[in-house]
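Thanks, everyone. Let me put the structure up, and then I'll walk you through it.

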Amino acid sequence: MKPEYINIYNKLIKLTTNKDLYRGLNKQDVFSDRLIIFLIHFAFFLKNFKNQNNKKILQEIYDFNFRQIELSVREIGYGDQSINKKMKDYINLFHSMVSEIHFWEDLSKSEKLKKISIFLSDFGNIEYLLDYFENFNHDLSKKTLNSYLKSVSNQ
């Protein structure tokens, strides 16, 4: 696998571990909370760079990220049968996220709050998270995938 894919994964993990994202969480954050935040980041990443020219690279990044998630689930200690079920659940959750944010720019703030609340129901400060993901989406939209791939290792 290309080194920039691990760099992208690590960049998304770094963004996901931002403690400010969890300050409105109504409980101690756990793996599934962090995974949801990671998947939302990844959904915005794919949404911004999706086009015919990037199709193959994005598929490789998608496959790589879900392999990394599977390895993380294995490290937690789930058995083989549990891992298959968990991965199916995570992939379905991710595709649901992608679907919900597909027309993100066309949504009103209240519609965006509803959509993001679907996935972050345990988080109290949804408006903070909405602003965070709006900024993240905006930052991604200012770059090309190639510039992101080349610059990600320097960030």
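Start with the contacts between residues at least 6 apart in sequence: 68% of them join residues at least 24 apart. Keep in mind that this is a predicted model.

Now the fold. The chain has seven helices and zero strands. Read from the N terminus, the order is α-α-α-α-α-α-α.

Next, the overall dimensions. For 155 residues, a compact globule would have a radius of gyration near 15 Å, and the chain agrees, because its own value is 15 Å. Along the principal axes, the C-alpha atoms fill a box of roughly 40 × 40 × 25 Å.

What about burial and surface? Of the 155 residues, 41% count as buried. The accessible surface is about 8,900 Å². Carbon and sulfur atoms account for 50% of that surface.

On to the aromatics. How many aromatic pairs does a search of the whole structure find? The count is 16. Take one of them, Tyr9 with Phe64. The ring centres are 6.3 Å apart, and the planes meet at 85°. That angle makes the pair edge-to-face, because planes over 60 degrees apart are counted that way.

Where do these two rings sit in the chain? Tyr9 belongs to helix H1, residues 3-16. Phe64 belongs to helix H3, residues 55-76. The two parts are 55 residues apart in sequence, so this pair ties together stretches that are separated along the chain.

Buried or exposed, Tyr9 and Phe64? Both are buried.

The pair also sits in a wider group. One aromatic cluster takes in Tyr9, Phe38, Phe42, Phe45, Phe49, Tyr62, Phe64, Phe66 and Phe94. So if you have the structure open, pick out those nine side chains by name.

Now look at Gln68. This residue is in helix H3, the helix that also holds Phe64. Why does Gln68 count as buried? Its relative accessible area is 18%, and the cut-off for buried is under 20%. Leaving out residues up to four places away in sequence, Gln68 touches Ile6 and Tyr9. Both partners fall within the 3-16 range of helix H1. So Tyr9 meets helix H3 through Phe64 and also touches Gln68.

One last spot, with a charged residue. Arg23 lies over the face of Tyr128. The distance to the ring centre is 4.0 Å.

To recap: seven helices, zero strands, 16 aromatic pairs, and one of those pairs linking helix H1 with helix H3. Over to you for questions.

Technical notes. Residues numbered from 1 in each chain as written. Predicted model: local features only at pLDDT ≥ 70, side-chain atom pairs only at ≥ 80, totals over all residues. Heavy atoms only, no water. Phe/Tyr/Trp six-rings, centres within 6.5 Å; stacked < 30°, edge-to-face > 60°. Helix = DSSP H or I, 4+ residues; strand = E, 2+ residues; numbered from the N terminus. Buried < 20%, exposed > 50% of the residue type's maximum accessible area, 1.4 Å probe, protein only. Lys NZ or Arg CZ within 6 Å of the ring centre and 35° of its normal. Contact = heavy atoms within 4.5 Å. Rg over C-alpha atoms; globule rule 2.2 N^0.38 Å. Areas by Shrake-Rupley, 256 points an atom, 1.4 Å probe, with all protein chains shown as cover.
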